[in-house]
Amino acid sequence: MRAAPAFYCLAVLFALCAPFLGVYPVFMMKLLCFAMFACAYNLLLGFSGMLSFGHAAFFGSAAYATAWLVAAHGWSTVPAILCGVLVSGFLGLIIGAIAIRRHGIYFAMITLALAQLVYFVCLEAPFTGGENGLQGVPRGTLLGILPLRSDITMYYFVLAAFLAVFIFIRRVIHSPFGQVLKAIRDNEPRALSLGYEIERYKLLAFVLSASLAGLAGSLKALVLGFVTLSDVLQANSGEVILMTLVGGTGTFVGPVVGAAIVVTLQEYLSDIVGGWVTVIIGAVFVICVLVFRRGIVGELAALRRLSGGSSPDRA
Amino acid sequence: MTEIFGVPVAVILGQLMLGLVNGSFYALLSLGLAVIFGLMGVVNFAHGAFYALGAFAALLGLQWFGINYWAALLLAPLAVGLLGILCERLFLRRLYGLDPLYGLLLTFGLALVIEGCLHEKFGASGQSYPVPPALEGALNLGFMILPEYRGWVIIVSLLVCFGTWFIIERTRLGATLRAATENAPLLQAFGVNVPLLVALTYGGGVALAALAGVLSAPIILVSAHMGSSLVIVVFAVVVIGGMGSILGSIVSGLLLGVAEGFTKVIYPEASNVIVFVIMALVLILRPAGLFGKD
């Protein structure tokens with residue numbers, strides 16, 4: 001366990017200094033938003049054992065809600081973000097309540113189908129701008145005092161939000177509630193026989209994950225200043241699965257590493273290879289599933305265990 | 001002319017007929033999914049990509065080698081089926097015995113690769129495939145003029161669907177397949193080559209998707225992503241029908257196509273989502289699906 005605090009300190013230090021090390025802040029913010037999205041997703045897949053194929057619906061709906069409130073109704077930043085989170089949480093309550101009636105692949109297929117429904121609603125609803133999406137979303141000011149127009153200010157706001165979510169998820173997983181979730185993941189009939197109300201636990205985990213995914217979406221909408229249909233698209237759900245899988249499902253740092261890799265790949269590869277980036281993403285998916293199912297962080301932790309050291313990051 | 005809900009009956013019947021055409025595609029695709037899932041426990045996310053490959057095989061066969069529609073109807077599913085067998089031998093085989101979710105993720109990756117390649121090679125805009133000359137006419141059904149080709153689609157799909165059902169439920173080959181579903185190690189002990197059977201099944205299921213692709217080529221534009229949203233609808237169809245059931249997937253495919261057609265008349269805005277709404281309702285009322293047992 002000794003390696004963990006040092007690792008976290010270094011990572012936070014790097015994140016704090018990143019804008020002064022020549023890293024483009026908007027890129028870092030995008031990365032942090034997707035890292036938050038992947039962490040939220042991991043709460044569901046990694047710690048509760050539910051593979052949702054529709055998380056773009058939560059990410060996207062919150063992004064639309066926040067952007068619409070800010071751009072069309074002049075709401076200030078924080079209430080608009082909170083409202084976006086509420087929207088995605090409520091959507092998570094409905095979709096979760098339907099989907100947890102089935103397990104495994106059925107659960108995946110049901111979340112996928114319901115997310116497609118959300119996509120069509122976003123395509124046709126009068127306030128989402130259809131194919132164009134919502135453009136020119138202002139960032140506003142933080143609590144009426146701190147203007148977020150500057151990339152640096154916005155960056156520290158997003159970083160703070162990300163760290164809060166990261167610590168919150170750690171807290172949840174280490175709480176008795178999180179222990180029950182892991183028990184359900186590992187052996188559902190047994191958890192049931194011990195008297196836990198499984199459906200309530202699963203639903204709460206689903207709503208939590210959906211809300212945090214929504215927070216990531218809302219922030220992303222403000223960072224980039226626009227929301228488009230690609231935020232609610234099935235491909236976005238696939239990407240967040242890939243991030244979690246590449247980094248390591250069921251580890252705390254894994255989704256962050258995965259998000260960093262996938263976002264960086266997309267950002268820099270698309271300049272070089274253009275549209276082939278989808279093919280590369282698909283190939284990474286295939287390789288990941290075939291060769292290293294535990295993900296990068298998971299494999300590293302396994303190596304450490306083999307060599308006798310304790311792992312820093314196994315929950 | 002009589003009316004229902006203020007809509008002429010002829011219009012309703014016409015939309016129901018077109019819904020039946022869509023339903024034929026749903027039935028063919030969900031049948032392939034059900035066959036693959038039944039034996040391998042794999043939810044084939046790449047089904048839509050193989051459907052697109054089938055259409056492209058027909059299109060390129062025509063453009064490059066002058067292969068006509070009738071030959072493509074046989075050759076394209078064969079070629080795509082062989083590719084499917086290759087994928088099974090190379091990739092899917094390594095995942096047996098693991099959580100079935102990995103199969104879903106792997107085939108999702110495959111779908112991205114296949115559709116991405118098609119997209120980069122042939123562009124985003126669709127290409128049209130000519131209707132075969134023998135089926136260019138139209139039938140007057142009294143309530144609507146049905147292009148002969150669409151009638152042909154319904155007939156072929158129904159024949160293929162029930163043919164597949166017959167093979168699986170009523171023949172010795174089907175009995176072996178079902179035995180492999182029940183208890184593969186025991187069947188292997190009896191001397192049946194189960195890995196070969198599994199590979200052929202995947203090839204067969206994929207070939208059904210390719211056949212649907214060839215059938216749809218003259219109706220819709222052939223493009224890389226023609227299957228990517230269709231496959232989600234078909235997933236919903238399969239959830240509604242109950243995954244294990246062959247007959248269930250056929251019947252619910254056809255029914256949902258018709259339901260979609262009906263929605264286009266009553267409330268067109270909802271026609272894209274009606275299948276998903278029905279799925280949610282079925283899950284609330286009967287979580288195992290209409291024909292499911294578990």
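Me: What does it take for a residue to count as buried?
Reply: The test looks at the other C-beta atoms within 10 Å of the residue's own C-beta. In this predicted model, a residue is called buried when the number of those atoms is 20 or more.

Me: Is Val21(B) buried or exposed, and why?
Reply: Let's try that test on a residue in helix H1 of chain B, which spans residues 9-40. Val21(B) has 23 C-beta neighbours inside 10 Å, and therefore it counts as buried.

Me: Which residues does Val21(B) touch, not counting those up to four places away in sequence?
Reply: Sequence distance can mislead you here, as Val21(B) and Arg150(B) are 129 residues apart in sequence. In space, their C-alpha atoms are 6.4 Å apart. With residues up to four places away set aside, the partners of Val21(B) are Arg150(B), Val153(B) and Ile154(B).

Me: Are H10(A) and H12(A) parallel, perpendicular or oblique to each other?
Reply: Helix H10 of chain A covers residues 234-247 and helix H12 of chain A covers residues 277-290. They pack with their axes 10 Å apart, at an angle of about 45°. That angle is why H10(A) is described, relative to H12(A), as oblique.

Me: What classes of residue make up the contact of H10(A) with H12(A)?
Reply: From H10(A) come Leu242(A), Leu245(A) and Val246(A), and they meet Ile281(A), Val284(A), Phe285(A) and Cys288(A) of H12(A). Sorted by class, this contact has no polar residues, no charged residues and seven nonpolar.

Me: Which element gives the most to the side of chain B that touches chain A?
Reply: The contact takes 31 residues from chain B and 32 residues from chain A. On the chain B side, the elements giving two or more residues are H4 (100-122), H9 (230-241) and H11 (274-285). By class, that side has 24 nonpolar, four polar and three charged residues. The element that gives the most, with 15 residues, is H4(B).

Me: Which helix gives the most to the largest nonpolar core?
Reply: This core has 205 residues, and those with the most contacts inside it include Met36(A), Phe37(A) and Met279(B). The helix that gives the most, with 17 residues, spans residues 25-48 of chain A and is called H2.

Me: Which residue of chain A is in contact with Ala236(B)?
Reply: Ala236(B) is among the residues with the most contacts inside the largest nonpolar core. Leaving aside neighbours within four places in sequence, Ala236(B) is in contact with Val275(B), Phe276(B) and Met279(B) of chain B. Its partner from chain A is Ala113(A).

Technical notes. Residues are numbered from 1 along each chain as its sequence is written. Chains are lettered from A and ligands numbered from 1 in the order in which they are written. This is a predicted model: local features need pLDDT of at least 70, side-chain atom pairs count only at pLDDT 80 or more; totals for chains, interfaces and linings use all residues. Axes are lines fitted to C-alpha atoms, for helices over the stretch in contact, and angles run from 0 to 180 degrees between N-to-C directions. Helices (H or I, at least four residues) and strands (E, at least two) are DSSP runs, numbered from the N terminus. Angles under 35 degrees count as roughly parallel, over 145 as roughly antiparallel, 65 to 115 as roughly perpendicular and the rest as oblique. Two residues are in contact if their C-beta atoms, placed from the backbone, lie within 7 Å. Ala, Val, Leu, Ile, Met, Phe, Trp, Tyr, Cys and Pro count as nonpolar, Asp, Glu, Lys and Arg as charged, and the others, Gly among them, as polar. A nonpolar core is a set of buried Ala, Val, Leu, Ile, Met, Phe, Trp, Tyr and Cys residues joined through C-beta atoms within 7 Å. A residue is buried if 20 or more other C-beta atoms lie within 10 Å of its own, exposed if 12 or fewer, and partly exposed in between; C-beta atoms are placed from the backbone.
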